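Thanks for coming. Please have the sequence and the model open in front of you, and I will walk through a few parts of the fold.

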Amino acid sequence: CGMALEPAAVSLDESEDPELRDMRRRFWAGLVLTLPVFVLAMADIVPAYKAAPLISPAASAWVELLFSTPVVLWAGSVFFRRFWDSLRRRSLNMFTLIGLGVGSAYGYSAVAILFPSLFPDSLKENGGAIQTYFEAASVIVVLVLLGQVIELKARRRTGEALKALMGLAPKSARRITNDGVEQNVPLETISKGDILRVRPGEKVPVDGVIEEGVGAVDESMVTGEPLPVEKTKGEKLIGGTLNTTGSFIMRAEKVGAETLLARIVQSVAEAQRSRAPVQKLADKAAAWFVPAVALAAAAAFAAWASFGPEPRLAHALVAAVSVLIIACPCALGLATPMSVVVAMGKGAAAGVLFKDAEAIELLRKVDTLVVDKTGTLTEGKPRLAGIFCAAGISDEKLLGLAASVEMASEHPLAEAIVSAARERGLTIPKAESFKAFPGQGVAGIVLGSAVVAGNAGFASKDGDGFSDLLGSVGKAGLEGATPLFVSADGRPAGILVVKDQIKPTSREALRLLREEGLRVVMLTGDNKATADSVAKELGIEEVIAGVLPDQKGASIKKLKDDGRM
């Protein structure tokens, strides 16, 4: 079709697209040279200039020839190559018409300037000058170059999003050999069945299952869940997720293109290479339109050559060229891809990636909006939402004790507690004898008191010490939240409730969407209790929870099968 090729495989190469760089250079050079051509051509319609021109029509034509020649022959040479390819491959498209129109306009005008004696006096204006079309040829080239630059920039932004996805995967993995030796190896050398170690702060290299140990894995890149998930032996792991605490040994089950992350990247890449139905229609129209224009030009030439005034050949040539210039550029061939590209660019600038080009065209028919929860409706970052203290313990003391033992922890819950303490201006004493217990909590000595923070069983020996406090929190207070139980010297000190907060703009956005007649469905990887809590607060009636990214397509398909658009 003459358009730029899209790579089948995404590369992490950071160098600028050479085609974009070349098109941008051609566009700016063409624009600078076209401006004086355009001004000279249009000046004749200004009454004041027409009454007292600064330059004669003949001299103006020579200046236009001088400036438009590099625009057409250099800046527009890429389109003439595509024009020739379309003829050679018998695949007529937009560039066939551009080549015909620009070539005819420039060629006719150049001949008119260089060999004016070939044209009859009836075609000459006052002063003996012949009407030229240098500005039409130059402006068409510059406009098409602008369209190419916009399209290539939009595709580059989408490509950068793909690179960001690919960058989630680590570059290497720690493989354990049969004799127990651990060694760092490139990720591409990992095979199914390999035994790997993942330490705290490291990313899970490939999809697999835990063989030994425990860890708290941040799966927010896949599920959207802001809090890490405790993983133990036999549980599945997703490549690219982050092990926040604990160390475990895993067995690789899916590597390379089989991993969930690789499939997501490939899915987005395929969408980028797709074409909207209206674009396909434009291609079909161009395939018929180009030969129709050529036939119309030939018919005009034949009619003037047979029945026109003398000199018939000159008049016939002007008529044929006029048809080609008027038909170029094809509005359908230029406006259609331009509108799709601009929509993709606007979406990319707003952080929105379209599934494919067809999705842009179908947006006007949509009656159901499916949204994620974390980072879309909520902030995507856990924050302290409530403090419930035991008798004799103040909010500041409870928060200070918890922040002290959480200071050395890498858990996202710890960050939320410490941030809340700092926001309140509390002094956070350093905890001594700090210990982290993966999947349970943390412990340390704070100002002489043994402080423990974690789950209820870990913070209280009998597991029932916090029953009274839980009654104070209530079921509603724990919906969609994570409680952190804190004890001091073996006695319950209180409960800190951490929750992913709803964005202040979410309610208004949902209200406006409902006013547009859209039905909103929350589709999230979070657990059902958390999802239902947020949905209830925002008035969302339909919730589909616990769905991974590679399963969300099936959920969308089911909604479509139910008649949703």
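Just after helix α18, G539 takes a positive phi of about 75°. Helices here are DSSP runs of H or I with at least four residues, strands are runs of E with at least two, and both are numbered from the N terminus. This is a predicted model, where local features need pLDDT of at least 70 and side-chain atom pairs count only at pLDDT 80 or more, while totals for chains, interfaces and linings use all residues. Residues are numbered from 1 along each chain as its sequence is written, and side-chain values use heavy atoms, with hydrogens and water left out.

Stay with α18, which covers residues 528-538. Which of its residues are buried? They are T530, A531, S533, V534, A535 and L538. Buried means under 20% relative accessible area, exposed means over 50%, and partly exposed lies in between, with a 1.4 Å probe and protein chains only. The cover over these buried residues includes strand β11 (378-389), strand β16 (491-502), helix α17 (506-515), strand β17 (519-523) and strand β18 (542-544).

Two of those strands are also linked by side chains. E542 and R519 form a salt bridge, with the closest N and O atoms 3.3 Å apart. This pair links distant parts of the chain, as E542 is in strand β18 and R519 in strand β17, 23 residues apart. A salt bridge here is a side-chain nitrogen of Lys or Arg within 4 Å of a carboxyl oxygen of Asp or Glu. E542 is partly exposed at 24% relative accessibility, and R519 is partly exposed at 43%. Elsewhere, E211, K236, R251 and E253 are joined into one network by salt bridges that share partners.

How many salt bridges does the structure hold? The count is 23. Another one pairs R25 with D22, at 2.9 Å between the closest N and O atoms. These two are 3 residues apart in helix α1 (residues 18-43), so about one helical turn separates them. In general, an α-helix has 3.6 residues a turn, so residues three or four places apart point the same way. R25 is partly exposed, with a relative accessible area of 46%.

Now the sheets. One is an open sheet of 6 strands in the order β11-β16-β15-β14-β13-β12, paired antiparallel. Why do β11 and β12 (432-437) each have a side without a neighbour in the sheet? They stand at the edges, so each has a single partner strand. From one strand to the next, the twist averages 20°. Helix α14 (residues 412-423) packs on this sheet, touching β11, β15 and β16, and its direction makes about 65° with that of β11. Contact means heavy atoms within 4.5 Å; axes are lines fitted to C-alpha atoms, for helices over the stretch in contact, and angles run from 0 to 180 degrees between N-to-C directions.

Inside that sheet, β15 (residues 481-488) runs antiparallel to β16, and 8 bridges join them. T482 has V498 in β16 as its bridge partner. Two strands pair if DSSP finds at least two bridges between them.

There is another open sheet of 6 strands, in the order β2-β1-β3-β9-β4-β7, again with antiparallel pairing. At its edges stand β2 (182-186) and β7 (236-237), each with a single partner strand, so one side of each has no neighbour in the sheet. Strand β3 (residues 195-198) pairs with β9 (residues 248-254) over 4 bridges. R197 stands opposite I249 in β9, and I195 has R251 as its bridge partner there. On β4 (residues 207-213), 6 bridges lead to β9, with D207 partnered by K254.

Last, a helix near the start of the numbering of helices: α3 (residues 57-75) contains A61. Is A61 buried or exposed? It is buried, with a relative accessible area of 7%. Leaving aside neighbours within four places in sequence, A61 is in contact with I113 and F134. A61 and A110 are 49 residues apart in sequence, and 9.3 Å apart in space from C-alpha to C-alpha.

To put these parts in context, the protein has 19 helices and 18 strands. Of its 565 residues, 43% count as buried.
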